[in-house]
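Here's a quick briefing on two topics: the empty space inside a protein, and the way its helices pack against each other. Have a look at the structure first, then work through the points.

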Amino acid sequence: MGWGAGGSCTPRPPIRQQPAPETRVVAVVFLGLLLDLLAFTLLLPLLPALLERHGRVQDPLYGSWQRGVDWFAAAIGMPAEKRYNTVLFGGLIGSVFSLLQFLSAPLTGAVSDCLGRRPVLLLSLAGLVTSYGVWAASKSFAAFLVSRIIGGISKGNVSLSTAIVADLGSSLARSRGMAVIGVAFSLAFTLGPMLGASLPVETAPWLALLFAVSDLLFIFCFLPETLPPEKRAPSITLGFRAAVDLLSPLALLCFSAVARGPDPPIGVRLGSLRLLGLVYFLYLFLFSGLEFTLSFLVHQRFQFSSLEQGKMFFFIGLTMATIQGAYARRISPGGEIAAVKRAIVLLVPAFLLIGWGHTLPVLGLGLLLYSFAAAIVVPCLSSVVAGYGSPGQKGVVMGTLRSLGALARALGPTVAASGEGRATALGACWAPGEAPPGQGTAGPSWRPHSPCWPPRSQPLNPPSSAPPSCGAGTVTITTLLSPQCTGWPGPGSATPCARGSSCSPSPSCGS
């Protein structure tokens, strides 16, 4: 208090808590997300080997899930090959994780709108620590499954991080913050799989646990609260009612929780928000399908080891980080939509090259285009969506967007894993050697090729003349099935070694 000339007391304005510097908030969010995503991406190159290990030890719960996967594979017409069922198995596990994230993200965002970002983020990170702790403490498939369930429920920290960036005052800071979040994803996909591939399967969960604990302590010590009390939602009940709208896919795509909230976007702005959400959903549906099946695809087509898969993800992540650092973060506010359009156009050749390429240069070119699109689309769309809604709605807005992404990730891996097996089955039904019925002998010759002939019920016995191993060769879609199982040597005088890069016995022979 100060004294005026007449000796009277003149009260000073009340001291208000100053908002945290925007650059500090962005830096803390970046480092926290990097630690979290490093823990998450350690698993990517290890999942095929991890599932195969649980299958070899004949885990009872794994066997129950495998029988369900076998039934589903037969129902959709996938070939009776163990390698395809493994892809489908992994896709279903990824879908369960994303489905739980889809259910929990809107609730997390609604609670943070009322209670603040910091306490809810700390609670989510504590759940992730528990998830990795359960996985590290036990080696059974049941423990791994429980850890995935806990992790899926607790994975609202990513949507909370985008909500924290959305709380920032200026559009330029929000745009840069979303780009920095994209850089965190890129660096994690660069370093995480390489670390995971270089570690034994038993060691990876302990390193993931270390990253998760470090993330929790770092956020606790350095992250300030970005949503002041006067801007918070008045009641948590309203937030939960809005969150219920996010459990319906149709309401989710319509942003019903945002439209029914206080001071919602209306008219053209609401329509634009819904269109952005639809584009975000469709992009992540395609992206997640390729992302999850990519490890299995290169494992089968090119016989990539875990270390080679780690190098592949290192290439993807390094490309994404370079593009985001040199290009994405320099996109000025208002230019995001044009950048997204250009990136989505590049997805068409990227998917074709990855899906149809049978040489490493073609695969590399497809991954380069894929990485460019991945570096641009999500950060730019998130930056644009962050500008919608009132300050008390940012958590619901970003939670809706993350829920759309989680729903897409829940559907994408299963659909992609199913489609990979069916497409391979169609491509494998005819192989060089004999003309199909009714086509005579003109032109390249073809012959029926398992698993279409003989019937699925008939065992596929390896021929006695098949060599136990061979050197590298040209890989085609028909050679995704082992020569021991198919029993045909290929056109002319070509040997089985000229038809594929591996002639080693396949566990699916005779299955």
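About 760 Å³ of space lies in the largest cavity. Keep in mind that this is a predicted model. In total, the structure holds 10 cavities of 30 Å³ or more.

**The largest cavity**

- Rolling a probe the size of a water molecule over the atoms shows where empty space is left.
- If you want to find the largest cavity, look for Phe 40, Phe 185, Phe 189, Glu 291 and Arg 409, which lie nearest its centre among the 39 residues that line it.
- Eight elements are worth colouring in here, since each of α1 (22-41), α4 (82-115), α7 (157-166), α8 (171-197), α13 (268-301), α14 (306-326), α16 (360-385) and α17 (394-428) gives two or more residues to the lining.
- Which helix gives the largest share of that lining? That's α13, with eight residues.
- Sort the lining by class and you get 26 nonpolar, eight polar and five charged residues.

**How α5 meets α7**

- Two packed helices are described by the angle between their axes and the distance between the axes.
- For α5 (residues 117-137) and α7, the axes come within 9 Å and cross at roughly 155 degrees.
- Angles over 145 degrees count as roughly antiparallel, so α5 is roughly antiparallel to α7.
- The crossing of these two helices is left-handed.
- On the α5 side, the contact is made by Arg 117, Val 120, Leu 121, Ser 124, Leu 125 and Leu 128, while α7 brings Asn 157, Leu 160, Ala 163 and Ile 164.
- By class, this contact of α5 with α7 has seven nonpolar, two polar and one charged residues.

**How α1 meets α8**

- The axes of α1 and α8 come within 8 Å, and they cross at roughly 25 degrees.
- Angles under 35 degrees count as roughly parallel, so α1 is roughly parallel to α8.
- Is the crossing of α1 and α8 left-handed or right-handed? α1 passes α8 in a right-handed crossing.
- The contact of α1 with α8 has 18 nonpolar, three polar and one charged residues.

**How α8 meets α14**

- α8 also packs with α14, at an angle of about 165 degrees and with the axes 7 Å apart.
- That angle makes α8 roughly antiparallel to α14, and the crossing is left-handed.
- In α8, the residues to pick out include Gly 182, Val 183, Ser 186 and Phe 189; in α14, the residues they and their neighbours in the contact meet include Gly 310, Phe 313, Phe 314 and Gly 317.
- Divided by class, the residues of the contact of α8 with α14 are 12 nonpolar, seven polar and one charged.
- Phe 189 turns up twice in this briefing: this α8 residue is part of the contact with α14, and Phe 189 is also one of the residues nearest the centre of the largest cavity.

Conventions. Residues are numbered from 1 along each chain as its sequence is written. This is a predicted model: local features need pLDDT of at least 70, side-chain atom pairs count only at pLDDT 80 or more; totals for chains, interfaces and linings use all residues. Side-chain values use heavy atoms; hydrogens and water are left out. On a 1 Å grid over the protein atoms alone, a cavity is a set of points where a 1.4 Å probe fits but cannot get out, and a pocket is an open set with protein on both sides within 12 Å along at least five of seven lines; lining residues have an atom within 4 Å of a point. Grid points are joined across faces, edges and corners, and a volume is the space filled by probe spheres set on the points. Helices (H or I, at least four residues) and strands (E, at least two) are DSSP runs, numbered from the N terminus. Ala, Val, Leu, Ile, Met, Phe, Trp, Tyr, Cys and Pro count as nonpolar, Asp, Glu, Lys and Arg as charged, and the others, Gly among them, as polar. Axes are lines fitted to C-alpha atoms, for helices over the stretch in contact, and angles run from 0 to 180 degrees between N-to-C directions. Angles under 35 degrees count as roughly parallel, over 145 as roughly antiparallel, 65 to 115 as roughly perpendicular and the rest as oblique. A crossing is left-handed if the near helix is turned anticlockwise from the far one by less than a right angle, and right-handed if clockwise. Contact means heavy atoms within 4.5 Å.
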